[in-house]
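Visitor: Please give me a close look at one part of this model, and follow its contacts outward from there. I would like the cut-offs stated as you go.

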Amino acid sequence: MSIDIKKLPLGQRKTYRRQDKFLKVYKETRSKSVSGSYALVPPSTVSKWIREDYLEFRQRYDEADTAFCENLEQSCATDYTIECELAK
């Protein structure tokens, strides 16, 4: 299920945007503290969003986590390929 942000009350829209800001950085760093600092969100708030699945945050968080892992795997595979080519 996807949330139509335009139909949310103003306060929830702001929270949803803050969640997106957090997830954008989390997908790149997998660091709650770095992502929270960027989005101006304390770790306790992130934990609450996950626990309560506020604005469907848990699924989006899991997707960002998976994206980070996939990017890391791809990066490692690329690095390994480059190292093998250089060793020839």
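Guide: Tyrosine 38 counts as partly exposed, because its relative accessibility is 40%; buried means under 20% relative accessible area, exposed over 50%, and partly exposed in between (1.4 Å probe, protein chains only). Tyrosine 38 sits in helix α2. Helices here are DSSP runs of H or I with at least four residues, strands are runs of E with at least two, and both are numbered from the N terminus. This is a predicted model, in which local features need pLDDT of at least 70 and side-chain atom pairs count only at pLDDT 80 or more, while totals for chains, interfaces and linings use all residues. Residues are numbered from 1 along each chain as its sequence is written, and side-chain values use heavy atoms, with hydrogens and water left out.

From tyrosine 38 one can step back to tyrosine 26: the two are 12 residues apart along the chain, and their C-alpha atoms are separated by 9.7 Å. Tyrosine 26 is one of the buried residues of α1, a set that also holds Thr15, Tyr16, Gln19, Phe22, Leu23 and Val25. In the protein chain as a whole, 30% of the 88 residues count as buried.

Helix α1 covers residues 10–29. Its 20 residues should span 28 Å at 1.5 Å a residue, and the end C-alpha atoms are 29 Å apart, so the two values agree; the expected span is 1.5 Å times one less than the number of residues. Lysine 14 belongs to this helix and is exposed, because its relative accessibility is 53%. Together with Arg18, Lys21 and Lys24, Lys14 forms a patch of positive charge on the surface. Such patches take residues with over 30% relative accessible area and no salt bridge, joining like charges within 9 Å and nonpolar side chains (Val, Leu, Ile, Met, Phe, Trp, Tyr) within 5 Å. Charges are placed at NZ of Lys, CZ of Arg, CG of Asp or CD of Glu.

Charge pairing is the next topic. Side chains of opposite charge can pair when their charged atoms come close. The structure holds 2 salt bridges, each defined by a side-chain nitrogen of Lys or Arg within 4 Å of a carboxyl oxygen of Asp or Glu. One joins the side chains of aspartate 20 and arginine 60, at 2.7 Å from N to O. This pair links distant parts of the chain, with aspartate 20 in helix α1 and arginine 60 in helix α4 (residues 57–87), 40 residues apart. Aspartate 20 is partly exposed at 36% relative accessibility, whereas arginine 60 is buried at 13%.

Arginine 30 and aspartate 65 also meet through their side chains in a salt bridge, at 2.6 Å from N to O. Here too distant parts of the chain are linked: arginine 30 is in the loop between α1 and α2 (32–39), aspartate 65 is in helix α4, and their positions lie 35 residues apart in the numbering. With a relative accessible area of 41%, arginine 30 is partly exposed; aspartate 65, at 18%, is buried.

The backbone on either side of α2 remains. Most residues other than glycine have a negative phi, and most peptide bonds are trans. Arginine 30, just after α1, takes a positive phi of about 55°, although it is not a glycine. Leucine 40 is another residue other than glycine with a positive phi, near 60°. Its place is the loop between α2 and α3 (43–52), and leucine 40 counts as exposed because its relative accessibility is 66%. Overall, the secondary structure of the protein chain comes to 4 helices and 0 strands, in the order α-α-α-α from the N terminus on.

Definitions and conventions. Accessible areas come from the Shrake-Rupley method with a 1.4 Å probe; for residues, only the protein chains shown count as cover. Lys and Arg count as positive and Asp and Glu as negative; His and the chain ends are not counted.
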